[in-house]
Amino acid sequence: MENNTLTGEKMGEKLIEVRNLKKYFKTPKDMLAAVDGISFSINRGQTLGLVGESGCGKSTTGRVVLRLLEATGGEVLFNGENILTYSRAKLKKMREHMQIVFQDPFASLNPRKSVFQTIAEPLVINKKTSSKAELYRAVHSLMETVGLAGRLENAYPHELDGGRRQRIGIARALALRPQFIVQDEPVSALDVSIQAQILNLMNDLQKEFGLTFLFISHNLSVVKHVSDNIAVMYLGKIVEMSDYKSLFASPLHPYTKALLSAIPVPDVDECRQRIILEGDVPSPISPPPGCRFFSRCFVRMDMCKDTTPELTDTGSGRLCACHLVTGR
């Protein structure tokens, strides 16, 4: 594969910029606000970790950014161009530069296709090789890149373990030499030992090819080790955004504090206050006014019930949507 290592100048450029992105789904009762006006950006060669509980809208965000789902509103800028306005033909060309690694490495693979056929498919569809020999070399190069033995080329997904299946998905995502990859909970379905292998692989690939990642997960301890910056999402909204060191050292939002308190610690003698969130998560269908975390917040104030907190810069580039933190 071609080495796309970035220069220091390009590393500081924004590759992805999301502005006021919305995705609503129509239900019999009302519109369900899965993603409700979020904004973030990712610099070239960096990783943004997007974390939150199940159902908060993080996977939907990844799919809307890639236009696997059509947005209800907002903008998604890729290399400075709003891809939400692209025609079908232009979108097809753009997809070469934006790929996804799915959560379930078995469900995301066609059980009727061998390892070779699966990895070769994007190369064949997009006519990236001119002969069978070139296709063979390209597929085996990809297999070698992700740590798949060449002898597995004729194997089928059901014959392989979860780690090897996920490596197939990664090789398929890399086939068209993308700049940006959405990783949608890529290790949550794998054993812990295999998780470490896949995370190390993705880290090595990022350094080698200058890849940019949106890493989606509910596991903060995993996100900590792969992300440059972290965005915390709750019920369709981003409630805190920070570099990973600052977020883990001094979380600002009460929801972030609760998530961090739930991370298991290896030292049994370490004393950590566990924050137990009480109350129910509000429905994303016609969500209540004010702060959406109000019903579960342990430091809520009267103003939180009616006044929606805005995601505000608290200094040093850290953003938080909490009246207690921002004083607004």
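# Exercises on strands and helices

Strand 1 (residues 14–26) pairs with strand 4 (residues 73–78) over five bridges, and the two run in the antiparallel sense. The model is predicted, and local features therefore need pLDDT of at least 70 and side-chain atom pairs pLDDT 80 or more, while totals for chains, interfaces and linings use all residues. Residues are numbered from 1 along each chain as its sequence is written, and side-chain values use heavy atoms, without hydrogens and water.

**Exercise 1.** Find the residue of strand 4 that is the bridge partner of Arg19, and describe how strand 1 and strand 2 pair.

*Solution.* Begin with the terms: strands (E, at least two residues) and helices (H or I, at least four) are DSSP runs numbered from the N terminus, and two strands pair if DSSP finds at least two bridges between them. In strand 4, the partner of Arg19 is Glu75. Turning next to strand 2 (residues 31–43), we find that ten bridges join it to strand 1 in the antiparallel sense, and that Ile42 of strand 2 is the bridge partner of Ile16. Four residues lie between strand 1 and strand 2, and the two strands form a hairpin.

**Exercise 2.** Work out which residues lie on each face of strand 3, and whether they are buried or exposed.

*Solution.* A residue is called buried if its relative accessible area is under 20%, exposed if over 50%, and partly exposed in between (1.4 Å probe, protein chains only). In a regular strand the side chains alternate between the two faces of the sheet. For strand 3 (residues 47–51), Thr47, Gly49 and Val51 are on one side, Leu48 and Leu50 are on the other, and all of them are buried. The count for the strand is accordingly five buried residues out of five.

**Exercise 3.** Place strand 3 in its sheet by giving the strand order, and then name the edge strands.

*Solution.* The sheet is open, has eight strands with mixed pairing, and follows the order 6-7-8-3-9-10-12-11. Its edge strands, each of which pairs on one side only, are strand 6 (98–101) and strand 11 (312–315). Strand 3 pairs in the parallel sense with strand 8 (residues 212–217) over five bridges, where Leu48 has Leu214 as its bridge partner. Strand 3 also runs parallel to strand 9, to which four bridges join it, and here Leu50 stands opposite Ala231. Strand 11 and strand 12 (residues 318–320), by comparison, pair in the antiparallel sense over three bridges, with Gly315 opposite Arg318.

**Exercise 4.** Describe the surroundings of Ser242, beginning with the strand that holds this residue.

*Solution.* Ser242 is part of strand 10 (residues 237–243). Its relative accessible area is 3%, so Ser242 is buried. Apart from neighbours within four places in sequence, Ser242 is in contact (heavy atoms within 4.5 Å) with Asn229, Ile230, Leu247 and Arg318. The side chains of Ser242 and Arg318 are also joined by a polar contact of 3.2 Å; the term stands for a pair of N or O atoms within 3.5 Å, of which, within protein, one must be able to donate a hydrogen and the other to accept it, and residues adjacent in sequence count only if both atoms are side-chain atoms.

**Exercise 5.** Decide how many residues of helix 10 are buried, and list what covers them.

*Solution.* Of the eight residues of helix 10 (residues 254–261), seven are buried, namely Pro254, Tyr255, Thr256, Ala258, Leu259, Leu260 and Ser261. The elements that cover these buried residues include helix 8 (220–226), strand 9 (229–234), strand 10 and helix 9 (244–249).
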